[in-house]
Amino acid sequence: RSCMLVLLIQGIVKQHGVEGEKPMIGDRVYVHYTGRLLNGKKFDSSLDRKEPFVFNVGKGQVIKAWDIVVRSMQKGEVCVMLCKPEYAYGSAGSPSKVPPNATLVFEIELLSFRGEELLEDGGIVRRIKVKGEGYNNPNEGATVHVHLEGWCGGWLFDSRDVTFVVGESEDVGVPLGVDRAMENIQKGECCLLYLKPKYGFGKEGKKEYDIGSNAELLYEVTLKNFEKAKESWEMDLKEKLERADLVKQKGTQYFKAGRYNYAVIQYQQIVNWLETECCTGKVQLQAIQALLLVAHLNLALCFLRLREYSQTVENCNKVIDLDPENEKALYRRGEARLLRNEFSMALVDFKQVLQVNSFNRAARSQITVCQCKIREHHEHDKKIYANMFQRFAEHDAKVCQLSHWPDRNVYS
C-alpha cells in the first residue's frame, strides 16, 4: 500500500496478511500498535500493556487515519503509516502524550476482526457494506421498504423488494433476525446479517424455501426508505389506549400461531406506552391497569413457552404488584420456578393459588410434584453428605494408622 490519501496519510506494508476479507464498517477489530512522534519518541503502545486494542472500525471511536487504514488491511497484516495532524489529534493534540499539530507514525498489526453483535446472545451479527445516511433509524412499528437477499449454505433462496412493519416481519416471511436488526440500520445502508437459528427460521425451518431445521442464515439487507411510527411522547393517552388494544389483538394472533417472539414484541409495546403513564381519572387509570395486567400476563406465558423463566417470573411479579391475588400470575410464576428447580418457592406459589381458588386442581397437582421434588432433593443431599462423612472417616483412620507406624529409618 504505497499511498493513502496521499498527503494526509501515507503507509507501507511491512508484512502482508492472509488473503481474504477486510474489515467492514462497524466490525470489531483487534490490533496491536505502537505510536511514535516524528522524532522517534514512543508515546503509546498496546504491546507494552500486553493486550490488544479493540474498537469498532468506521464508528469514530479512534482517529480518522485508523478508521481509514484498518479497513484496508487484511488479517495478520502489519503496516506503518504516517498521518498528518488533520487525521490524527489535530490542533488540540493529546495532552501529556501528543503535542498540538503533530504528525504521527503508527505501526499497526491487524490480529483479527469480526462483525458487530447486535444482541447480547450473539444471535445477530452485522457487517456494513455501505454506510447509511443521517442518524435516524426505524423504530418499533415503523414501516420499512427494503431489498433483501437470503442465503443458506451458499444457496440464494430469497431475493426481493419487500415492505413490512417492524415487529411484524413474520407476516411477509422475513425472519425475526432481520426484523430485530432494523432499529440499528440507517436509510441507504447495505449490510450483511448473520443469523443463528433462533433468529432465522428456527426448528421448524421454512418449507417454501426448502430450508431445514436449525439452519444458520445470511441476509444482505438494503434499507431503501422508512416511515417512523409515532413515539410514545407523540401520542396522547386516548391514542395510546386505542393502539394498545389493536396491538393486543395482534399479539394474540401471533401467540395462537405459536410465534411467541413476535407476540412478545406486541405486548411489550403496550408496557412501553403505558407503564409510566400518569393520569388523574379513575376510568382511565382502570383502563391502563387492565391493559398492563393483560400485557404482563401474556408476556409471562410467552416467556414460559420460550423457556425464558427469569422473564416469566419478572412479568408475573408485575402482575402481582397490580393484583396480589391474581391466580394466573401466581400459577405461572410457580411453573417457572418449578422449571428452574426452585421447588420450595414454587410450592409457596401453588399454595397461594389454592388460597385464591381452592378448586384449582392443576395447582394441587403441582404441589404434589413440588413435595416429591423436595424429598428427592433432600435424599440426594443425604447421600452426598453420608459419602462425604464416610470418606472423611476413612481418611482420618488412615492418617491415624500412619502416625502409629514405626519409622523404619530409626532401625536402618
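Which salt bridge do the side chains of lysine 42 and aspartate 48 meet in, and what is its N to O distance? Let's work through this and a few more exercises together.

The model is predicted, so to speak of local features pLDDT must be at least 70, side-chain atom pairs count only at pLDDT 80 or more, and totals for chains, interfaces and linings use all residues. Residues are numbered from 1 along each chain as its sequence is written, and side-chain values use heavy atoms, with hydrogens and water left out.

**Exercise 1. Solve the opening pair.**

Step 1: recall the rule, a side-chain nitrogen of Lys or Arg within 4 Å of a carboxyl oxygen of Asp or Glu.
Step 2: apply it; lysine 42 and aspartate 48 meet in a salt bridge at 3.0 Å, N to O.
Step 3: check the surroundings; lysine 42 is partly exposed at 38% relative accessibility (buried means under 20% relative accessible area, exposed over 50%, partly exposed in between, with a 1.4 Å probe and protein chains only).

**Exercise 2. Place the salt bridge of glutamate 21.**

Step 1: find the partner; glutamate 21 forms a salt bridge with arginine 127, and their closest N and O atoms are 2.8 Å apart.
Step 2: locate both ends; glutamate 21 is in the loop between β1 (9-15) and β2 (28-37) and arginine 127 is in strand β8 (residues 124-130), so the pair ties together parts 106 residues apart in sequence. Helices (H or I, at least four residues) and strands (E, at least two) are DSSP runs, numbered from the N terminus.
Step 3: compare exposure; glutamate 21 is partly exposed at 48%, whereas arginine 127 is buried at 4%.

**Exercise 3. Link two helices.**

Step 1: aspartate 349 forms a salt bridge with arginine 337, with closest N and O atoms 2.9 Å apart.
Step 2: aspartate 349 lies in helix α9 (residues 343-356) and arginine 337 in helix α8 (residues 327-339), so the pair ties together parts 12 residues apart in sequence.
Step 3: aspartate 349 is buried at 1% relative accessible area, and arginine 337 is buried at 12%.

**Exercise 4. Classify an aromatic pair.**

Step 1: use the rule that rings of Phe, Tyr and Trp (its six-membered ring) pair if their centres lie within 6.5 Å; planes under 30 degrees apart count as stacked, over 60 as edge-to-face and the rest as tilted.
Step 2: the count comes to 15 aromatic pairs.
Step 3: phenylalanine 157 and tyrosine 219 have ring centres 5.7 Å apart and planes at 85°, so this pair is edge-to-face.
Step 4: phenylalanine 157 is buried at 10%, and tyrosine 219 is buried at 0%.
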